[in-house]
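Here is a friendly walk through some helix packing and its surroundings. Have the viewer open as you read.

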Amino acid sequence: MPVKIFLNEDEIPREWYNIAADMPTPMQPPLHPGTHQPVGPEDLAPVFPMNLIEQEVSTERWIKIPDQVLDKLLLWRPTPLYRAVNLEKFLNCPVKIYYKNEGVSPAGSHKPNTAIPQAYYNKVFGVKRIATETGAGQWGSALSFACSQFGLEAKVYMVRISYEQKPYRRLMMNTWGATCVPSPSTETEAGRKVLALDPNSPGSLGIAISEAVEDAVTSEAQGRPLTRYALGSVLNHVLLHQTIIGLEAQKQLAQVGDYPDIVIGCAGGGSNFAGISFPFVRDKIAGKQVQIIAVEPMSCPTMTRGPFLYDFGDTMQMTPLLPMHTLGHAFIPAPVHAGGLRYHGMAPLVSQLILDGLVEPRAVYQLDTFKAGVTWARTEGFISAPETNHALAAVFQEAKKAKEEGKEKVILVNWSGHGLVDLAAYDAFFQGKLVDYEMPQDEIELALKALEGFPKPNF
Amino acid sequence: MNDISNPFEEQEMRCPKLGGPVTFSYCCVEAVNLPCSRAIRCWCDRFEVESLFRRKLGDEKFRLAFEQPQPTRLENILELIERAKKINSDDSERSD
């Protein structure tokens, strides 16, 4: 029984799979918030090169991976598919667990799978410089690596709170030659406005996006080299590039004569989940029996608790607002359904697949994710990124369920990245700083009483 | 809001937007001195966060923070493009 299943370099997939070609419910073009007309290529042209915009709107099933992109992907791809033999022994459940190790990329995660093609297409289009935002730095470091491979400048606006918390990611970006600045910065009008209001602003992803987009759109007018913007998740072309993960996994599983009963990935913006699962969703659409699970945190869920009516605000005309989590994910208010539900922050393609019943969302508790990650490290050896631990927690659940039901199952999970620069999160777990559950009611009441009479804030 | 001490402000959570740990006090000012629009969703299992925000913000700021439609990422980018284009045209007018 092999522990690692490899593909030769000449077996790397040469086309990405575009699920837009097979969606049971075709995606409608988004509307421009200003004109309320369908978004066209020219609307996106100030920030994306046209070759990527074409991918964004494409409904071609297979899209050729350029040779120059394959040459770079070969630095770490095809990634090994592992059989988690030690974990299987530990769990003692009737399951075979396979995991795709995306932590072997130079940046340590799946993100370079799209960073490389995005840098390539920008280069071909004549772009000299790419601006982006990053939160904790996973995307920023991946794009910095990719830009260095194609001789492009990279400018990364990193949310200040993370910039200060995560020096190693910033240093990775610097090592690959990128310029990384804390956001809000003084380099854009968006950043200066925020700093004028609050010089100590910790920043936010929204501010960093504003800065990166402004940087790209104003680059030529302000005498900078031709700059475009890049995004590491959510958009269709990003998910497309990630499908190489699942396509490789299909070939590797075929080598050992297996096919998964269950495919699991964690889902924040949806890109690594899409990467492992979309080729299997295609099979499912064609009639194959496969359960596909997108895993998110129990805190701040977007997919599992249904549309949270705050998300729709005035458009729903449903004030006073009520938390509607308890309605469950099957509940969709009619006006939202008609307009096309988009789970907040989640890729539209993944949102639609959930609504179509092809993908099952699941939420897991924070403590369970770290327990799973620690068990994984002590059996399989690899220390997982905290978001990857969400997928591992679901693997544990499914293994236990298989044992309870007495059924043999084959599980495939995307091990989307290592956690070697996220060890502070493990430290918090070991120190008991992470909590899952509600505070006791008497503590809540005491706390709220303490707030009475406080002055209203000045904004 | 961070000028007001509150009993929850040092509680930590992994921020789904940033991919790293943040305290509740960060969530209270994430949207430039307004709370993050996801703050109620994220913290409602821990404590009565909605009541807290209603008390601290008042109706108008509560509405601004939580009752505005949340654009998708693409809509957000499109809005930002328009805003940046305006910067270009304002700069151009100034230089004329």
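## Helices that meet

In this predicted model, H10(A) passes H4(B) in a right-handed crossing. H10 covers residues 205-217 of chain A, while H4 covers residues 73-95 of chain B. Their axes are 9 Å apart and the angle is about 50°, which makes H10(A) oblique to H4(B) because it falls in neither the roughly parallel, the roughly antiparallel nor the roughly perpendicular range.

On the H10(A) side, the residues that meet the partner helix are A:Ile209, A:Ser210, A:Val213, A:Glu214 and A:Val217. They face B:Asn76, B:Ile77, B:Leu80, B:Ile81, B:Ala84, B:Lys85, B:Ile87 and B:Asn88 in H4(B). Sorted by character, the residues of this contact are eight nonpolar, three polar and two charged.

A second pair lies within chain A: H17 (residues 366-379) and H18 pack with their axes 7 Å apart, at an angle of about 85°. H17(A) is therefore roughly perpendicular to H18(A), as angles of 65 to 115 degrees count as such. From H17(A), A:Asp368, A:Thr369, A:Phe370, A:Ala372, A:Gly373 and A:Trp376 take part; from H18(A), A:Pro386, A:Asn389, A:His390, A:Leu392, A:Ala393 and A:Phe396 do. Here the division is seven nonpolar, four polar and one charged.

Side by side, the two pairs look like this:

| Helix pair | Angle | Axis distance |
|---|---|---|
| H10(A) and H4(B) | about 50° | 9 Å |
| H17(A) and H18(A) | about 85° | 7 Å |

## A closer look at A:Pro386

A:Pro386 belongs to H18(A), which spans residues 386-405. Is this proline buried or exposed? It is buried, because 25 other C-beta atoms lie within 10 Å and 20 or more are enough to count. A:Gly373 is 13 residues away from A:Pro386 in sequence, and their C-alpha atoms are 7.7 Å apart. Setting aside neighbours within four places in sequence, A:Pro386 is in contact with A:Thr369, A:Gly419, A:Asp422, A:Ala425 and, from the other chain, B:Arg14.

## Helix H12 and the whole chain

H12(A) has twelve residues, 244-255, so at 1.5 Å a residue it should span 16 Å; the end C-alpha atoms are 17 Å apart, which agrees. Its buried residues are A:Ile244, A:Ile245, A:Gly246, A:Leu247, A:Glu248, A:Ala249 and A:Gln252. After H12(A) comes A:Gly257, with a positive phi near 70°.

Stepping back, chain A contains 20 helices and 13 strands. Of its 459 residues, 51% count as buried. Among contacts in chain A with a separation of 6 or more, 74% join residues 24 or more positions apart.

Terms used:
Residues numbered from 1 in each chain as written. Chains lettered and ligands numbered in written order. Predicted model: local features only at pLDDT ≥ 70, side-chain atom pairs only at ≥ 80, totals over all residues. Axes fitted to C-alpha atoms, helices over the stretch in contact; angles between N-to-C directions. Helix = DSSP H or I, 4+ residues; strand = E, 2+ residues; numbered from the N terminus. Parallel < 35°, antiparallel > 145°, perpendicular 65-115°, else oblique. Left-handed = near helix turned anticlockwise from the far one by under 90°. Contact = placed C-beta atoms within 7 Å. Nonpolar A, V, L, I, M, F, W, Y, C, P; charged D, E, K, R; others polar. Expected span 1.5 Å × (residues − 1). Buried ≥ 20, exposed ≤ 12 C-beta atoms within 10 Å, placed from the backbone.
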